[in-house]
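Me: Please take a close look at a single part of this model. I would like one strand and its surroundings.

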Amino acid sequence: MLPEDFDPKSYIELNDDLKHMTEFEAMSHYENQGYLENRLYKYSQIDLNYSVYIYCNGKSGSSTLTSTFLKNGYNTLHLHGINTYKSFCPQSKLNSNIFDVIENSLKNNENVYIIDSYRNPIERKLSSFFQNYDDNKSIDYITEQIDKQINFLETYEAINEVLQYFNLEPFTSFDFEKKYNLIKYKNLTIIKLRFNDINEWGSILSSIFKKDIVIYDDNLSKNKSYYNEYNTIKKTYKIPNLLLNIVANDKYFKLYNTLEEQQQYLEYWKQRTRDIELIFHNIPEDFDPKKYIELNDDLKNMTEFEAMAHYENQG
């Protein structure tokens with residue numbers, strides 16, 4: 001039975017996985033399932049005092065991490081950075097500044113955790129494409145659309161926003177033995193994981209939290225309507241040969257993979273390359289890649305092509 005104050009519109013807004021539902025469908029969902037999951041259905045129920053923040057780039061296991069900590073009893077917020085918080089998190093209607101929210105958590109909790117996960121770029125890019133894909137299309141059509149996007153990888157980490165805010169240095173190495181990085185700042189603990197180690201997250205997180213953390217998978221591709229197409233693309237898609245060079249020189253790829261892992265990864269994708277004409281959408285006609293490199297000291301080790309890709313994607 002629905003509560004008297006149930007608001008179907010707010011219920012949809014507060015539960016991202018229900019965003020495609022009508023208000024009637026939302027009411028039915030709450031009656032059949034939502035109440036059992038203690039889902040929020042009005043804004044006044046939001047508690048901004050979080051003890052865990054899943055703060056990482058999309059398609060890197062963040063939904064699984066969020067589901068895991070919610071079901072392990074932690075008040076948890078899932079976001080992909082400052083901009084996505086303001087654009088997609090209903091909590092931003094109560095407080096638009098995510099760092100105000102984090103600071104409030106630090107004042108009201110003995111320990112606060114911010115968790116990030118790195119995923120290798122090609123798989124993440126393919127998965128990101130399907131995240132917003134909801135039509136049955138031919139594999140040829142899907143391949144054509146991916147070709148338009150695949151060359152331009154994200155060259156940032158959302159967690160760097162947190163490190164910068166607290167005046168902490170960005171990660172420059174990864175502990176491949178422990179399979180996580182950890183920074184402690186006052187009562188804040190910042191954790192960096194790898195998607196490659198997802199099958200070990202339970203033991204890794206249990207070690208960090210000093211209690212049994214049971215992993216609950218969420219937002220899995222195998223449960224999506226597009227799974228057959230996604231699975232086919234994963235097995236058959238051939239990347240543009242120029243992309244291999246971009247990945248090989250990507251600082252995060254080199255940071256979060258051992259030399260052996262890098263070699264194995266590049267060798268695997270080397271067998272799955274082809275020539276594709278690049279299409280740039282954001283580069284001005286008078287763009288000069290050489291000048292772009294000279295004017296931006298952090299790009300000094302890039303090739304001219306990499307500089308063009310950087311500007312297209314981020315610059």
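Reply: What follows deals with one strand, its partners and the core.

This is a predicted model, in which local features need pLDDT of at least 70, side-chain atom pairs count only at pLDDT 80 or more, and totals for chains, interfaces and linings use all residues. Residues are numbered from 1 along each chain as its sequence is written, and side-chain values use heavy atoms, without hydrogens and water.

Strand β5 spans residues 188-194, and 7 of its 7 residues are buried (under 20% relative accessible area, 1.4 Å probe, protein chains only). Strands are DSSP runs of E, at least two residues, numbered from the N terminus. In a regular strand, side chains alternate between the two faces of the sheet. Both faces of β5 are covered. L188, I190, K192 and R194 lie on one side. T189, I191 and L193 lie on the other.

β5 pairs with β3 (residues 112-118) in the parallel sense, over 7 bridges; pairing requires at least two DSSP bridges between two strands. Here Y113 stands opposite T189. β4 (residues 181-185) runs antiparallel to β5, joined by 5 bridges. K184 also stands opposite T189. β4 and β5 form a hairpin with 2 residues between them. In that turn, K186 has a positive phi of about 55°.

I190 is also among the residues with the most contacts inside the largest nonpolar core, which has 58 residues. Such a core is a set of buried Ala, Val, Leu, Ile, Met, Phe, Trp, Tyr and Cys residues joined through side-chain atoms within 4.5 Å. Helix α5 (residues 98-108) gives the largest share of this core, 5 residues.

How values were computed: Buried means under 20% relative accessible area, exposed over 50%, partly exposed in between (1.4 Å probe, protein chains only). Helices (H or I, at least four residues) and strands (E, at least two) are DSSP runs, numbered from the N terminus.
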